[in-house]
Amino acid sequence: MRRISFLAVLPILLLCAPAPAAATTSDGNVPTIAQSDRIATPDTWRSIRQGEAGFIAGQPASRGVLIQSEGEAWRAARNGKVAVWGGIALVGVILAIAAFYFIRGPIKIDGGPSGRQILRFKKVERIGHWLTAGSFMVLALTGLNTLLGRWVLEPVLGKSLFSWLTWAGKWLHNISGFVFIAGLVVIFALWAKDNLWDRYDFGWIMGGGGLLKKGVHPPAAKFNFGQKTQFWMVICGGAVVSSTGISLLFPFTFGDLLGMQVMQLVHAALALVMILFILGHIYIGTIGMEGASTAVTTGYVDLEWAREHHSVWVEQREGDKPKAAE
Amino acid sequence: MARMKFLCDAERCIHCSGCVTACKNEHEVPWGINRRRVVTLNDGKPGQKSLSVACMHCSDAPCMAVCPVDCFYQTNDGIVLHNKDLCIGCGYCFFACPFGAPQYPATGNFGGRGKMDKCTFCAGGPETDHSKAELEKYGRNRIAEGKLPLCAEMCATKALLAGDGDKVSTIYRERVMARGFGSGAAGWGQAYGQQERTRERKGFGAPGKE
């Protein structure tokens, strides 16, 4: 009786039984357990977790990836290191500049304004400066808003207004990028030769740039070592930020998903470094130094200012044309 | 409140793409976007398996964490939804998502991707339930009607399960029990699978023999 009931169940058992594990494939290989019909082997899940792509019909092959774990790394870096440390560095540098302002105070023209003006930057130089500077300020503000605005501005403005602002900011950011690149090309063409290392730079570094002590003015040509550092930081940093920016602007044209993630991180981190440098530049060009800002507005600076900060340059200029810019 | 979850049983999925089609039709998903997709592993080889994937409505959703305009929100059921009026189409959610769920109607350059679209677990969006705006932007709201996602409801082999996470796991657990071994426990297949089958072939300790 027992045997009969077993025979009755046997066909069902046979139907349910898995295919023999050691079945030989057409090419003669005997599949191992890992290649068997069971998906839940550790190796299978591990390879899915590591981004192994399967076949997908009618959609781009990249959609065959079931799990891309790089996204989590990107999220951790962008929301963690870049946003947190970038924010801390930003606040830190602003506080440091404020402290410098209150302790050291603005750098005055020691000899007092002479009243005589000298042409420091020609019109094309000023245009080059403002193409770069104007677009950089738009890019920096809209970029910072994209990275940090959610935690800083959104609680104040509310979701709708903040979203509109960020949307507008994204378009401004996308367009200003090209202006910035144009500015970079112009200033590189105009100023690169004046920003090469010269014999005054070592003395300028040893004298701390005249920043730390009142009345100290190491000689400098058209640009001092500090300005040269700033210049090459803008040119080199700007080149990398621009190229990664263009890649992000044309999604998946110059890189796959991992490429996009890496480029976004490089773009954001390097742009933050540039912003920190430029904060110092804006300070020293405006409230940090008497008589500096007119160099890029009207183009003229006070002769006494020029003698103190760019003595070699003034000598060269006055050697060329005795009555430079009366 | 229940915690809504998807589960795709690779032992049952037959790659019919019925879930993809059901979703596309139900929500009138625009051209070029498939909120759900079916991926076949080891295609044409021994051990071929298929899995249906869409937004998994993560507990700690990466899309939600990286969105610059904070357009995502999670319902009490754990469903991750987004507000298309706030979305600026930056693409960050796609960078972050492990499952490739967010998609964009346009592939234009200059960031002109349009508003992001993804699986809503058939729960619509922030608009009023069953409104025209909700239908046009997010598709139908079956959850508000007390129904479960259509992809899973339509699944012919019931490979794709959707609903209360506890119930989904109970069903899956029962299946694993019925199938016996090999459907989960890490390392078991490697350690004991081959051995047991060898014993079966030799007739030692095989089930049903005494």
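Here is a short walk through this predicted model, starting with chain A and ending at one helix of chain B.

Let's begin with what chain A is built from. Its secondary structure adds up to 12 helices and 2 strands. Read from the N terminus, the order is α-α-α-β-α-α-α-α-α-α-α-β-α-α. Chain A has 326 residues, and 27% of them are buried. To see how the chain folds back on itself, take the contacts between residues at least 6 apart in sequence: 66% of these link residues at least 24 apart.

Now zoom in on one pair of helices. Two packed helices are described by the angle between their axes and the distance between the axes. In chain A, try this with helix 4 (residues 123-152) and helix 6 (residues 159-191): their axes come within 7 Å and cross at roughly 150°. The crossing of helix 4 of chain A past helix 6 of chain A is left-handed. As for what sits in that contact, the residues split into 14 nonpolar, 15 polar and 1 charged.

Over to chain B, where helix 1 spans residues 18-27 and has C19(B), V20(B), C23(B) and H27(B) as its buried residues. Why do these end up on the same side of helix 1 of chain B? Because they cover an arc of only 105° around the axis. And what do the buried residues of helix 1 of chain B pack against? Their partners in chain B are strand 2 (37-41), strand 3 (49-53), helix 5 (150-154) and strand 6 (160-164). Just after helix 1 of chain B comes E28(B), with a positive phi near 45°.

Key: Residues numbered from 1 in each chain as written. Chains lettered and ligands numbered in written order. Predicted model: local features only at pLDDT ≥ 70, side-chain atom pairs only at ≥ 80, totals over all residues. Helix = DSSP H or I, 4+ residues; strand = E, 2+ residues; numbered from the N terminus. Buried ≥ 20, exposed ≤ 12 C-beta atoms within 10 Å, placed from the backbone. Contact = placed C-beta atoms within 7 Å. Axes fitted to C-alpha atoms, helices over the stretch in contact; angles between N-to-C directions. Left-handed = near helix turned anticlockwise from the far one by under 90°. Nonpolar A, V, L, I, M, F, W, Y, C, P; charged D, E, K, R; others polar. Arc of directions from axis to C-beta.
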